[in-house]
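These are my notebook entries on a structure that is new to me. I set down what I looked up, in the order in which I looked.

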Amino acid sequence: MVGGEGVSTEADYWKANNGYDYNAMFKGAYVDEFAAQESWLAGRVRPGLKVLELGCGPGRLAKVLSDKCIYSGTDISTEMTRPLVNAILSGLPATLLRHGTVPKKQFDVAFCVSVLIHVPPENLAATLGELSAAARKEIWLVENKQHAGESLRTGGDHGGCWAHDYGKHVPEGWRMSATVDLCRTHDAYVLVPS
């Protein structure tokens with residue numbers, strides 16, 4: 001996602017989607033899943049920790065995390081980030097980086113939430129490599145439950161979502177440290193340098 005080459009053909013959908021409309025989903029059917037994600041992430045950050053969220057969208061997690069760490073986000077879609085931009089202008093202590101300008105190894109942690117479900121298997125290794133290029137200490141993937149074996153297209157959201165076997169696509173120089181059962185739909189995968 002950092003360079004934009006790892007995203008699926010859904011990129012055009014996200015570039016045109018309005019972040020204000022998307023915010024309504026956070027109050028809908030997935031409220032328990034969102035709460036589990038937010039709780040897990042908030043429990044991992046601490047003051048002074050420099051974190052980067054790839055695919056930050058309208059800033060849901062920026063609002064949860066930015067007072068607990070040094071938060072930066074980036075997204076392929078300027079339309080999706082409009083609510084985050086307005087929140088920053090209103091005093092939210094967060095930074096929005098222009099897509100494609102993420103500095104290498106400047107963050108303790110790089111993470112994404114429900115981003116890799118949009119990345120087809122042929123682009124997954126490159127996308128994970130881009131995450132590893134930004135992070136020094138850890139990568140956190142909060143994604144749909146892992147699929148053992150080959151990647152599998154599941155569900156009907158956005159024409160289907162990818163469930164990947166992340167263990168098969170760990171970037172060079174990194175290893176899978178933990179898999180955490182967050183909720184009925186999502187797990188968290190923690191990668192650390194090997």
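**Entry 1: Cysteines**

I began with the sulfur bridges and found zero disulfides in the structure. I note that the model is a predicted one. For background, I recall that a disulfide is a covalent bond between the sulfur atoms of two cysteines. I then looked up two cysteines by accessibility. Cys56 counts as buried, at 4% relative accessibility. Cys69 is buried as well, with a relative accessible area of 8%.

**Entry 2: Aromatic pairs**

I next asked how many aromatic pairs the structure holds. The search returned three. I looked at Trp40 and Trp140, whose rings are arranged edge-to-face, with 5.8 Å centre to centre and 75 degrees between the planes. Trp40 belongs to helix α3 (residues 31-44) and Trp140 to strand β5 (residues 135-144), so this pair ties together parts that are 100 residues apart in sequence. I checked their accessibility, and both Trp40 and Trp140 are buried.

I then turned to Tyr166 and Tyr189, which form a tilted pair at 4.8 Å centre to centre, with 45 degrees between the planes. Tyr166 sits in the loop between β7 (161-163) and β8 (174-181), while Tyr189 is in strand β9 (residues 186-193), so the pair ties together parts that are 23 residues apart in sequence. Are these two tyrosines buried or exposed? Tyr166 is buried, its relative accessible area being 1%. Tyr189 also counts as buried, at 0% relative accessibility.

I also recorded a cluster in which ring pairs link Trp40, Phe111 and Trp140.

**Entry 3: Nonpolar cores**

I recalled that in soluble globular proteins, nonpolar side chains tend to be buried together. I therefore asked which residues have the most contacts inside the largest nonpolar core. This core has 26 residues, and the residues with the most contacts inside it are Trp40, Leu41, Val51, Leu65, Tyr71, Phe111 and Trp140. At least two residues of the core come from each of α3, α4 (60-65), α5 (82-89), β4 (107-113), β5 and β9. The largest share, four residues, is supplied by α4.

I followed Val51 further, leaving aside its neighbours within four places in sequence. Val51 is in contact with Val45, Cys69, Ile70, Tyr71, Ser72, Phe107, Val109 and Phe111.

Finally, I noted a second, separate core of 21 residues, which includes Leu52, Val102, Ala110 and Val115.

Notes. Residues are numbered from 1 along each chain as its sequence is written. This is a predicted model: local features need pLDDT of at least 70, side-chain atom pairs count only at pLDDT 80 or more; totals for chains, interfaces and linings use all residues. Side-chain values use heavy atoms; hydrogens and water are left out. Rings of Phe, Tyr and Trp (its six-membered ring) pair if their centres lie within 6.5 Å; planes under 30 degrees apart count as stacked, over 60 as edge-to-face and the rest as tilted. Buried means under 20% relative accessible area, exposed over 50%, partly exposed in between (1.4 Å probe, protein chains only). A disulfide is a pair of cysteine sulfur atoms within 2.5 Å. A nonpolar core is a set of buried Ala, Val, Leu, Ile, Met, Phe, Trp, Tyr and Cys residues joined through side-chain atoms within 4.5 Å. Contact means heavy atoms within 4.5 Å.
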